[in-house]
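Here are some notes to read with the structure open beside you. Each point takes up one topic, and the residues can be looked up as you go.

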Amino acid sequence: TVEVEARSLPMELSEKGGVQNNGFVQNEDFEDKETATSSQEETPKTCSVDVDPVAVEETVLKPYAGMPKEVLLQFSSQACYRVTREILFWLVIAGSMVLVCATIAIIALSPKCLDWWQAGPIYQIYPRSFKDSNMDGNGDLKGIQEKLDHITYLNIKTIWITSFFKSPLKDLGYGAEDFYDIDPIFGSMTDFENLIAAIHDKGLKVIMDLIPNHTSDKHRWFQLSRNRTGKYTDYYIWQDCRQAAGSVIPPNNWVSVFGNSSWQFDEVRKQCYFHQFGKEQPDLNFRNPAVQQEIRDIIKFWLGKGVDGFSFGTVKFLLEATHLRDEPPVNKSQNGENIRAYSQLYHDYTTTQVGLHDIIRSFRHTMNEFSREPGRYRFMGSDDDEKEDIEATMMYYGTTFIQEADFPFNFNLINMKNLSGNSIFEAVNSWMKNMPAGKWPNWAVGSPNAARISTRIGKEYINVMNMLLLTLPGTPVTYYGEEIGMENIASENVSEEHVDSGPVVATLPEKSPMQWDGRGNAGFTEGNSSWLPVNSNYESVNVEIQSSWSNSTLGLYRALTLLRSSELPLNRGWMCHVWSDSDVFVFVRELDGLHRAFMMVLNFGHQSTTDLQAVVPSLPSEAVIRLSTHFSNAGEVVNTKLIKTEMGEGLVLEYKTAKPVHTMEAFQGKCFVAEKACYSKALNLLYVNC
Amino acid sequence: MGEENLKRRKGEDKGREDRQSIQSHEPQTMNLQKQANLFLFPFGPCVGLISGICMIVGTIIGSGIFVSPKSVLANVEAVGPCLTIWAACGVLATLGALCFAELGTMITKSGGEYPYLMEAFGPIPAFLFSWTSLLVTKPSSFAIICLSFAEYASAPFYPGCDPPQAVIKCLAAAAIVVITIVNSLSVKLGSYLQNFLTAAKMIIVAVIIVSGIVLLAQGKTDNFKDSFKGSKISVSSISLAFYNGLWAYDGWNQLNYITEELKNPYRNLPLSIIIGIPLVTVCYVLINVSYFTVMTSTELLQSQAVAVTFGDRVLYPASWIVPLFVVFSTLGSANGTCFTAGRLVYVAGREGHVLKILSYISVKHLTPAPAIIFYGIIAIIYIIPGDIDSLINYFSFAVWIFYGLTVLALIVMRFTRKELKRPIKVPIIIPVIVTLVSILLVLAPIISAPELAYLYCTLFILSGLIVYALFVHLKFSWAQKISKPITMHLQMLLEVVPEEEVTE
């Protein structure tokens, strides 16, 4: 219809214009008459006026610049002008149609763009150890705000701050005393609001921890619940427990994650309450709709503050079987009395119960209410370390019909038993193979609950691990300090005085203060001491010294994040596993339509030489080292038949190919792509359906 | 021989005309005026008070207030001073417009600053003004408005990221071409489009204001408590806030572009200004109040598109109307820019400062088609390169140079041209204030962020002198030799004639 309208325009308009201007219409009529009369004698000649005016003796009138209407109208209707005019007019109309159609076509063919949580790495901050701003030896929110430049310096877009709720546990805030407040050691709510504003001002996003499973026993709800006050009576899981001979006999054999029975007798209520973790962390009763509503209100509160997403921790523990049957022991012969450790039971009745995912979906639903504003999608991650059951983990991705977490955090690279090219391949492959189609992967090499890379697998592998993390498809998650290769502190330095509850001591050595510079306390605090001792290697391992030195772990990290954001194949391209042996892990990243491909050759064993051309025959014989863990090698040309890697060396090779690996028969089933898109060189844009 | 023939012919024409229509010279001029009115003022032949006010309100309110009202808040950081500055900017714009009203009624010529500069300082500053605005400021603002239209229109299809450049540029080019076609084909169609888009703009303004008032009545006044607390007030922050705020009022001199067509200009020009600009001020302040009812100042600063955020919070599930109407509003601004821009070329062409053909009028459609097409082409050229926004931003200070010069012209003429009749005479203090403010606004961005680019802009403006010397002052014959046949052929191709010819 647009076209029809456009066509009818000129005629209609000229009519209207004519009607409006009566004086002109008269003139026009008159002109028409005149041209009509004169045209009889002139027409045969006028067409040549333009071509050869002198030849025509009788020309009475010549067009000239600035000619008035009377003169103009005699000549402008000549075929040479009229036809050109018509052609030009329709060309312009057609041109605008083409432009509009082209726009619509491009929009229709555009792939869904990567959302902010897909576009860049996530930087996980343990706030107590990041930066102290008030000299008390504990890191705080203001400290994070002071150091935001470090995060932008790393080309990172998303900050993940682990739990900072008001909590009596000096350690992690894993049992919140008040979900609506910030622990005083981290600062005030105003500090938090300022931090959020500062983060958003820098164009960054922030996600926070929320552990809905339990609260602290100091929480108001628990205090009201043990007094059986109103609706709070059923906020926790209470059971009668028999008392015999002065000792409490729990309702069943369930044990807590930290060991011993997960039932604790409460003197006030004279009943046992259930706790999956420590006895100071009673489990909320998620079978109670009021409790679910409380959690949704908490979600709304923080989203209203401007938080861009949540990482929901320990969600698999949310529900327990109502029948309270004993869980089957791993070792059948073992006596019920002796079962004290968490690993001695199969947790069929206390984890991942039916209905769990409905609760998480209701959280997602609440978050979606806050996602409507453009550019304000709220991210949801689930943080559950399912070491054995990858399928249970994948459930958190939701289905194509029901949205759940954007991704469950992937700990495959942390849970690896031993390090080799093959084990890396298995860790990567198990995620990629099991991930539901159309979902987005993610990777982490460090976390607050695992020893730091340098300590876990060795200092010499820190660079190659970062290279792996930042070249795999999906969102990389970096635990603070991994970008400079921090190490655990010696565990004897972590004394009881630092914590109230025992089991978390084990995870403290990887939470030592961030090493900013070579000054006292590594620049973490201006105060005399820090809550955990600073690692003694801070004089050589710190941000300041490494940023002045391009061959450093930090320098490589930055180069990798920069490469990742500037190269489309690394951003959203195919990933094909090419080769792995006990030493090296080799994969390519490529994008349809782009002839530039990247091949990562990562050494997780010992010095080795790989013949890549034998694996991929179409590989060009030479490739350029785009980046290397040995910085000086960058830019060198290597022979793809003979690629030598040192222990812990990683190479990002760049080459041009017309036959990408993912199209090859031999690599069917070894390639994965999330958010598939193809590149059009001519238009410099991405499109789908290719 | 040809010349003679021509003269004879023309004589004949005159004779015949006389015979045909009993009215001769006098009505002929009236026809011209009617014709000029037609394209110079699209809101119909009666350019009364109401249409004057509509024109002011319609052109000043662009898309800025919906998208980035935060520039003022960002500088003062508190609600109270922010609203105060918005109101103060309105007062300042009114003062500026009053100066222009004096000039407009003293020198009743269309073309905005051009005739005043001509009258006060002679042809060179006037030429520099048209040189800069013809080649840079006007077409680039046309291009930029079309680009931002394209951005808003395509943004809903790309949630979470920026639309690809190809989409934005295609859509912007399409908008330029369509607006150019519409405006060169028919004044009426152009004005219908303008009226529709202005109506859309006013609807969304009304929706935002009314829902804001409703929210206020419901007691959502939290953000107005202690509204001066935490404000950051210093000379530099206030002058930068003014600088940004006044941009939202840009367009207050629009009425001076059409002085010739105003009905009873001595009454209507100042009245339109005195009613129109405060009306805009009230709208702006109320829109800001509405925003603050649902957003804290931090949220407002962080929002990518403030009106869209407002719509999401207040109008859900009908929140889609906000982006739709913002798109309409942007398109309206683009159409309006094309419209006034056309007039400027036309006037400069009339004075012989640009190629004459640009001032010609289409015989069939009675539109200044060459001027509009010229703008369309320049604007399309501007959208082709990668990133023009930054360059154009540097040129924005040039606009204030010419505003300042124009108001200075007013002061100068109080002394040099005492004999001129001044139906409106503003107190001399007003132009003095406006001149001082202009100087401040020219210097503020340069001092706060000195860049070499400002020097290039100044050099570009001064390079107009060379062009002036070569083509206007010396009138090289070879230039004429080239321009004449081009003019002739283009005239025949586009069917355009000089306006003056009819009057002879």
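In which loop of chain A does Thr629(A) lie? Please keep in mind throughout that this is a predicted model.

1. Thr629(A) lies in the loop of chain A that runs between strand S20 (622–628) and strand S21 (637–639). With a relative accessible area of 7%, Thr629(A) counts as buried, because buried here means under 20%. Its side chain is joined to the side chain of His630(A) by a polar contact of 3.3 Å. If residues up to four places away in sequence are left aside, Thr629(A) touches Asn463(A), Val464(A), Met467(A), Asn551(A), Leu556(A), Gly648(A), Glu649(A) and Gly650(A).

2. A second loop residue of chain A is Gly481(A), which is found between strand S15 (475–479) and helix H17 (543–547). Gly481(A) is buried, and its relative accessible area is 0%. The C-alpha atom of Gly481(A) is separated by 8.8 Å from that of Asn542(A), although the two residues are 61 residues apart along the chain. Not counting residues up to four places away in sequence, Gly481(A) touches Tyr123(A), Arg452(A), Met486(A) and Met514(A).

3. Asp209(A), which belongs to strand S5 (residues 205–210) of chain A, deserves a careful look. This residue is buried and yet has no salt bridge, since the nearest side chain of opposite charge, that of Lys511(A), is 9.8 Å away, whereas a salt bridge needs the nitrogen and oxygen within 4 Å. What, then, does the side chain of Asp209(A) reach at 3.3 Å? It reaches the backbone nitrogen of Ser163(A), and a polar contact of 3.4 Å also joins the side chains of Asp209(A) and Ser311(A). Both serines are among the residues that Asp209(A) touches, and the list also includes Trp160(A), Ile161(A), Thr162(A) and Phe165(A), again without residues up to four places away in sequence.

4. Side chains of opposite charge can pair when their charged atoms come close. Over all chains, the count comes to 30 salt bridges. One of them is formed by the side chains of Arg85(A) and Glu495(B), at 3.5 Å from N to O. Arg85(A) lies in helix H4 (residues 79–109) of chain A, while Glu495(B) lies in the loop between helix H20 (477–494) and strand S2 (496–497) of chain B, so this pair joins two chains. Both Arg85(A) and Glu495(B) are buried.

5. The side chains of Glu526(A) and Arg519(A) also meet in a salt bridge, at 3.6 Å from N to O. Here the partners are partly exposed, with a relative accessibility of 48% for Glu526(A) and 47% for Arg519(A).

6. Within chain B, Glu102(B) forms a salt bridge with Arg422(B), and the closest N and O atoms are 3.3 Å apart. This pair links distant parts of the chain, for Glu102(B) sits in helix H6 (residues 79–106) and Arg422(B) in the loop between helix H17 (389–416) and helix H18 (429–448), 320 residues apart. Glu102(B) and Arg422(B) are buried. In chain A, by way of shared partners, salt bridges join Glu567(A), Arg596(A), Arg626(A) and Glu654(A) into one network.

7. Turning to chain B as a whole, it has 21 helices and 2 strands, and buried residues make up 58% of its 504 residues. Of the contacts in chain B with a separation of 6 or more, 82% are between residues 24 or more positions apart.

8. Helix H8 (residues 123–154) of chain B has 32 residues and reaches 44 Å from its first C-alpha to its last, which is close to the 46 Å expected at 1.5 Å a residue. Where in H8(B) is the kink centred? The kink is centred on Ser133(B) and amounts to about 50°. Because 25 of the 32 residues of H8(B) are buried, this helix is largely enclosed by the rest of the structure.

9. For H18(B), the 20 residues should span 28 Å at 1.5 Å a residue, and the end C-alpha atoms are indeed 28 Å apart, which agrees. The buried residues of H18(B) include Ile430(B), Pro431(B), Val434(B), Leu441(B) and Pro445(B).

Terms used: Residues are numbered from 1 along each chain as its sequence is written. Chains are lettered from A and ligands numbered from 1 in the order in which they are written. This is a predicted model: local features need pLDDT of at least 70, side-chain atom pairs count only at pLDDT 80 or more; totals for chains, interfaces and linings use all residues. Side-chain values use heavy atoms; hydrogens and water are left out. Helices (H or I, at least four residues) and strands (E, at least two) are DSSP runs, numbered from the N terminus. Buried means under 20% relative accessible area, exposed over 50%, partly exposed in between (1.4 Å probe, protein chains only). Lys and Arg count as positive and Asp and Glu as negative; His and the chain ends are not counted. A polar contact is a pair of N or O atoms within 3.5 Å; within protein, one must be able to donate a hydrogen and the other to accept it, and residues adjacent in sequence count only if both atoms are side-chain atoms. Contact means heavy atoms within 4.5 Å. The expected span of a helix is 1.5 Å times one less than its number of residues. The bend at a residue is the angle between axes fitted to the seven residues ending there and the seven starting there.
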